[in-house]
Amino acid sequence: MLGLGLGLIGSRVDVGELGVSVVLTVALFALALTMPWPRVPTWRRALPAFGYLLAIGILRDAAGGAGSGLSALMLLPIFWLALYGTRAQVVAVLVATAVALYLPFVLIGAPAYPATMWRGGALLVAVGAIIGFTVYALIGRLRALLAERARLIEELETLAGTDPLTGVPNRRAWDDALERTMAAARRSGEPLSVVVLDVDHFKRINDEHGHQHGDRVLKTVAAAWSAELRPGDLLARIGGEEFAALLPSCDAVTASTVAERLRQAMPRGTTSSAGVAQWDGSAEAVAVLAAADEMLYRAKQAGRDRTMVAPARDRR
Ligand code: GH3
Ligand code: MG
Ligand code: MG
C-alpha cells in the first residue's frame, strides 16, 4: 500500500502497469486475510510473498524502473518468509528477489534500467539475506523458547496438582476435577458419586511402627486404590490419611461396591472406613463431599472397617 502510494507520486507513471500492480496487491492482501493459514500446506503459504514480489516488480516498472526508489519494497517478501516460512523458502525468495531486480536490466535495459544502477540491486539482495537469515534464526529461537515455556508450565501445573508422597492428585486437583466432572454430568445427565476413605487407627500405625512406615502404608494404599479404579475415575489424597474417589457415571449402589472393593485392597493388618454420596444433580461440590464425609464419620462411629452410603435425596 505504501509502495502504491509512493508509486502514484512519481512523475512518469504507466497507468496500465500501475493498475495491474494494484489489482495484484489487493488480491494478495485479500488472499492473505482469508487464507485458513494453519490448514494450508507449507509450500503454498509462501505463494503470497512471491506474488507480492511480482507486484512490486511491476509497480517499480510503472514508476520508472530502477530509479523509482521502490526496489527497497522487495525486502518485504523476504521479511515475510523469514517470519513465517522455512529456511528453503527464505533462500528461494532471495533468489527470486535477485531475478526480479536484475531481469529487467537484461530484458529492458536503459533508460529505465541503466547498467550503472546494478550495484543497488546487489546491495539490496545482500541486506535482504542478512535480514532474512537473522530474523529466521531469531524466530526459530523464539519458537523453541515458547515451546519450552509451554512445556514447563504444563509440568508445573501437574506438580501443583500432585501429592508428593503418594504421587496421586492432591486436594487442589480434586476440587478442580470435581467441579469439571459435575459440569459434565450436568450436561450428560449421567449419575456421579463420591467416595471418601480414611485409614482406620492410622495414628496407631505411626506410633507402633514409626512415621516412615506410616508413609509407606499411605503410598501402598494410594497405589492399590488407584489400580482398582477405572480409567475415567479419579483417586486423590485430600488429607493426611484421607482419600477421595470421584466416580463418574456411577450411582450410589455401584459406588458402594467400588468402596468395598477398595477397602478389600488394603495392606494386610490395616483397615479403612468409607462414606459414599451420590450427587443429586444440583448440590454444590462442597456439599457432595460433606455428605460423603458425614457418612465416613458415621462409619467410624459405628466401629470402623465399613462403608456407609448417604440416603437418596432428590437424585436423578
Ligand atoms: P481413625 O480411625 O478415627 O481415622 O483414627 P486415626 O488414627 O486414623 O486418625 P487421626 O486423625 O487420629 O490420626 C491421623 C494420623 O495420621 C495423625 C497424623 O500424624 C497422621 N498423618 C497425617 N499425615 C501423615 C503423613 O503424611 N504420613 C504419616 N506417616 N502420617 C500422617
Ligand atoms: Mg484415620
Ligand atoms: Mg483422617
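## A salt bridge between strand S2 and the H7–H8 loop

Arginine 237 and aspartate 163 form a salt bridge in this predicted model, with their closest N and O atoms 3.1 Å apart. The pair ties together distant parts of the chain, since arginine 237 belongs to strand S2 while aspartate 163 sits in the loop between H7 and helix H8 (171-188), 74 residues away. Both partners fall under the 20% limit for a buried residue: arginine 237 has a relative accessibility of 16%, and aspartate 163 has one of 9%. Arginine 237 is also listed among the closest residues around ligand 1.

## Other salt bridges

Across the whole structure, a search finds twelve salt bridges. One of them pairs aspartate 200 with lysine 300, where the closest N and O atoms are 2.8 Å apart. This pair, too, links distant parts of the chain, with aspartate 200 in the loop between S1 and H9 and lysine 300 in helix H12, 100 residues apart. Both aspartate 200 and lysine 300 are buried.

A salt bridge within helix H12 brings together the side chains of arginine 298 and glutamate 294, at an N to O distance of 3.2 Å; because these two residues are four apart in the helix, about one helical turn separates them. Arginine 298 is partly exposed at 40% relative accessibility, and glutamate 294 is likewise partly exposed at 36%. Elsewhere, Glu148, Arg151 and Glu155 are joined into one network by salt bridges that share partners.

## The two magnesium ions

The magnesium ion (ligand 2) has three protein donors, Asp198 (OD), Val199 (O) and Glu241 (OE), which lie 1.9 to 2.2 Å from the ion, and in sequence these donor residues follow the spacing D-V-x41-E. For the magnesium ion (ligand 3), the protein donors are Asp198 (OD) and Glu241 (OE), at 2.2 to 2.3 Å. These two donor residues come from distant parts of the chain, aspartate 198 from strand S1 (residues 192-199) and glutamate 241 from the loop between strand S2 (234-237) and S3, 43 residues apart.

The magnesium ion (ligand 2) and the magnesium ion (ligand 3) lie 3.8 Å apart and are bridged by aspartate 198. Aspartate 198 counts as buried at 8% relative accessibility, as does valine 199 at 1%. Glutamate 241 has a relative accessible area of 19% and is therefore also classed as buried, the limit being under 20%.

## The surroundings of ligand 1

Ligand 1 is surrounded by 16 residues, of which His201, Phe202, Asp215, Arg237 and Arg304 are the closest. By type, the residues of this shell divide into three nonpolar, five polar and eight charged. S1, helix H9 (202-209) and helix H10 (211-228) each supply at least two residues of the shell, and H10 provides the largest share with four residues.

Several polar atoms of the protein approach oxygen atoms of ligand 1. A polar backbone atom of phenylalanine 202 is 2.7 Å from an oxygen atom of the ligand, and a polar side-chain atom of glutamate 241, which also serves as a donor to the magnesium ion (ligand 3), lies 2.8 Å from an oxygen atom of ligand 1. The side chain of lysine 300 likewise places an N or O atom 2.8 Å from an oxygen atom of ligand 1. Taken on its own, ligand 1 has 650 Å² of accessible area, and the protein covers 67% of this.

## Backbone features in loops

A cis peptide bond, with omega of about 5°, joins alanine 110 and proline 111. Proline 111 is found in the loop between helix H6 (87-107) and helix H7 (118-160).

Two residues other than glycine have positive phi values: phi of serine 249 is near 55°, and that of aspartate 305 is about 50°. Serine 249 lies in the loop between strand S3 (242-248) and helix H11 (252-264), where the residue is partly exposed with a relative accessible area of 43%. Aspartate 305 occupies the loop between helix H12 (285-301) and strand S5 (307-309), and is partly exposed as well, with a relative accessible area of 42%.

Definitions and conventions: Residues are numbered from 1 along each chain as its sequence is written. Chains are lettered from A and ligands numbered from 1 in the order in which they are written. This is a predicted model: local features need pLDDT of at least 70, side-chain atom pairs count only at pLDDT 80 or more; totals for chains, interfaces and linings use all residues. Side-chain values use heavy atoms; hydrogens and water are left out. Buried means under 20% relative accessible area, exposed over 50%, partly exposed in between (1.4 Å probe, protein chains only). Donors are N, O and S atoms within 2.8 Å of the metal (3.2 Å for Na, K and Ca); water is not among the atoms, so sites may look incomplete. A residue is near a molecule or strand if one of its heavy atoms lies within 4 Å of it. A polar contact is a pair of N or O atoms within 3.5 Å; within protein, one must be able to donate a hydrogen and the other to accept it, and residues adjacent in sequence count only if both atoms are side-chain atoms. Accessible areas come from the Shrake-Rupley method with a 1.4 Å probe; for residues, only the protein chains shown count as cover. Ala, Val, Leu, Ile, Met, Phe, Trp, Tyr, Cys and Pro count as nonpolar, Asp, Glu, Lys and Arg as charged, and the others, Gly among them, as polar. A salt bridge is a side-chain nitrogen of Lys or Arg within 4 Å of a carboxyl oxygen of Asp or Glu.
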